[in-house]
Amino acid sequence: MLFGIATKKDDDWWIGVTNPDTPHLSKYESLMFQGNGYLGIRGSLEEHYLNEKRDMFILGTFDKFKKEATELPNLPDIVNIEITVNGKSLSLNHGETTNYQRGLNLKNGEIIRAFDWKKGPDKLHFEFRRFVSMANCHLFVSEVKITPISDTVRLQIKSGIDGQQTNGGTQHFIEGNKRLFNARFVQMQTQTQNSLVKFALTEYHRLFLNETELTLNPRLQIERRQVFANYSIDVEKDQCLTFVKYANVFCSSDKDLKDNVSEDCLHQLEHVGRETYQKLLANSTKAWAEKIWNNSCVEISSHNNKPQIAVNYAQYQLVANVPCDYSKNIGAKGMTGEGYKGHAFWDTEIFMMPFFRLNIPSYAHNLLIYRYLNLIGAQKKAHQGGYKGAQYPWEAAMPEDAESAPLWGSADIITGEPMKILSGSTEIHVTSDVAFGVYQYIKNTGDYAFAKRMGYEIILQCAQFWASRVTWNSVKNSFEILDVIGPDEYKEHADNNAFTNYMAHWCMRKGAEVITDLRQNDLLTYNHLNKKFNLKQLVKELIEKASMMYLPEPNGDGIIPQDDNYLSYKKINVNKYRMSDSTSEIFKDFDLKQLDKIQVTKQADVLLLLLLFEGNFSKKIIKKNWDYYEPKTIHDSSLSFSTHAILANDIGLYGKAFDYFEKNCQIDLGTNMNSSVKGVHMAGLAGTWKIVIEGFGGVRLVKDGLQIQPHIPSTWKSLKYSFVWKGIKINVLVTHGCFSVVADGKIKFISHKHVYYAEPDEKILIETKV
Ligand code: BGC
């Protein structure tokens, strides 16, 4: 497996670089993202470079200008530290840099950078460290140690808050107030231009010469949207100057604020600033362990540690980006860059949710509460389109927003004009995807309290939408869904996209089931929901429409038509695009209108349907559809590889499964230095975990409950993992030929059509065919 980032043979928790490689900074900035579910900061270097993209976000603080899509505003930068040595600015592009090493510790999100730098007669050793605290969501701490190796030098350090950041040119902040408090605390108070969210950013510095703290007051420097503190000091050869920066960020929507944003953050920083960097890091490391590492185990024994690093990295990013409260969702790129503007997609329910519900169900719960709050926006959207119930936005931002997808995209190669993005109006499968996520969460966790308070209502609202969205076709004598975009976004006006129809059908069926079940077993919840819906009428409508719904069946060759026309379109050789390291290469040859009429698929579409409804289709049908669609799929979305890997493993194409696993791991960590510039791919990363646990580990939620049916790659010696099922922790160890299951409670699971029952701590050993 080729990585575009350095790893260490004996360290499964480190990714980094061993030379400055400043031309590719943007990729490393995304990869070395630090976050805690509230605050997210890209891994930019402390000093400035030409092609850097400094980004810092607080989840949920969207701002919107007229005629532009709403987006997470890029906050003033607090990472910057500019260092001058005898009047010469530290820059890795000048002078001579040796022994360079920079890396991210995946256990606790600390970035460490160390190197020697020589400019003219001066040589110095630098060591930078920093982290975003998992123990205190507002806190960022950074430290630099500078040791002159050649002679005494005069050092100048400039550090502060720099609000001259933009989102691709858009400045979301007003000028604000900037000042110094108590001679040592610099502060900026500002506000977004339109959504009027207030922010306070405060920074405090301490300096030490060897072990002795210096009482050195800074020179304050205020510029437009900038406030800096400047320090100047002579440091002798072999003395070590330590500069510690404590910074915190608050905003007016924080629930832990008392009354005055600026005073609160000042007080907190005064308090925190008494601690050492190491102590605060230890608190954060402990919080990381409690949040994920103590609960989740994935151990791969293989001939090298690349698969292990890839899965550790995936978990690191998912946890660093998952919102710590329920009013926010995870963007397609988390907070790791400006790509997709912080918006959440179906990526959350279909791709990321399995990781959270099987590891930290409370976070899956939060994400679903967000969708409950998002019913306001979804009902608005349904209403605007003339439908009933709730239609979830294709791109979600604030829960009350109906739709946040932008209207215009990149240039059309034929017309030269920007292409209209239709996803916001036509990619409607997201409504079933959300309901599907809700249902799977309830089944997995047994959290019926959530189901009664929110989950069932989400499912019913979605089902009601579908009942109003389907149209009657008197020739086919069935209900159908016309003019949609399915997962394959290269078909913009599909009629009866199989994925969309099956999911809508599932949703209406599930809605009817929920109503019938509540009427029989839980009249209290039934009556409560009956105040919001006419359940008697709704159940009748759902049963009727679901039973008359057109579901594209396998044709004579066993192929499920992706939509009404796909199979009649022209076939072309798509190998060139499939092989390419970059996505969207096909747009160099065709525009969207042309792609609409070609048998080329952007990402798993029918194949995803076969995976999500695996119990409904035979292995033979899955294999036939694999043979048909896989060669036509060009994987122009990071969501595609994981479905292919898992499905290939299911149907015994083990070599292909491993190839797709490797490809998936390489989406961000691979050698394409442009792939992650605007942020990493959260659903792709979740895909890495999914392939390991749901694919090779064989953990599935099937009709009859939990299934564990592993098959690991031939190059792996073993796979050990744990997950939570209805509050019970289950540990699985898979080797070639057998696997064992031990749980800390009573469980029942299925494997190869056998049902197994295990008592607490009883070890069940199952032999498998090799
Ligand atoms: C994919 C969508 C996905 C979005 C965000 C697009 O390229 O086609 O399915 O939701 O990216 O990840």
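How far apart do the end C-alpha atoms of residues 21-252 lie? Those atoms are 39 Å apart. The views below come from a predicted model, where local features need pLDDT of at least 70, side-chain atom pairs count only at pLDDT 80 or more, and totals for chains, interfaces and linings use all residues. Residues are numbered from 1 along each chain as its sequence is written, and side-chain values use heavy atoms, with hydrogens and water left out.

**View 1. The N-terminal span, residues 21-252.** UniProt, in an unreviewed entry, gives this span the feature "domain: Glycoside hydrolase family 65 N-terminal"; such annotations may be inferred rather than shown by experiment. The span is 51% strand and 3% helix, with strands (E, at least two residues) and helices (H or I, at least four) taken as DSSP runs numbered from the N terminus.

**View 2. An open sheet of five strands.** Read across, the order is E7-E6-E12-E18-E17, and the pairing is antiparallel. Strands count as paired if DSSP finds at least two bridges between them. At the edges sit E7 (88-89) and E17 (219-223), each pairing on one side only. Look at E12 (residues 153-162) and E18 (residues 226-235): 10 bridges join these antiparallel strands. Val-153, for instance, has Val-235 in E18 as its bridge partner.

**View 3. A hairpin in the central span.** UniProt's unreviewed entry lists "domain: Glycoside hydrolase family 65 central catalytic" at residues 313-690, a stretch that is 52% helix and 3% strand. Strands E21 (residues 408-411) and E22 (residues 418-420) pair antiparallel over two bridges. Trp-408 stands opposite Lys-420 in E22. Six residues lie between the two strands, and Gly-416 takes a positive phi near 75 degrees in this hairpin.

**View 4. Helix H17 crossing helix H18.** The axes of H17 (residues 619-629) and H18 (residues 640-650) come within 10 Å and cross at roughly 135 degrees. That makes H17 oblique to H18 (under 35 degrees is roughly parallel, over 145 roughly antiparallel, 65 to 115 roughly perpendicular, and the rest oblique). Lys-619, Ile-622 and Trp-626 in H17 meet His-644, Leu-647, Ala-648 and Asp-650 in H18, contact being heavy atoms within 4.5 Å. These contact residues split into four nonpolar, one polar and two charged.

**View 5. The C-terminal span, residues 700-741.** The UniProt label here, also from an unreviewed entry, is "domain: Glycoside hydrolase family 65 C-terminal". The chain is 69% strand and 0% helix over these residues, and its end C-alpha atoms are 14 Å apart.

Note on methods. Axes are lines fitted to C-alpha atoms, for helices over the stretch in contact, and angles run from 0 to 180 degrees between N-to-C directions. A crossing is left-handed if the near helix is turned anticlockwise from the far one by less than a right angle, and right-handed if clockwise. Ala, Val, Leu, Ile, Met, Phe, Trp, Tyr, Cys and Pro count as nonpolar, Asp, Glu, Lys and Arg as charged, and the others, Gly among them, as polar.
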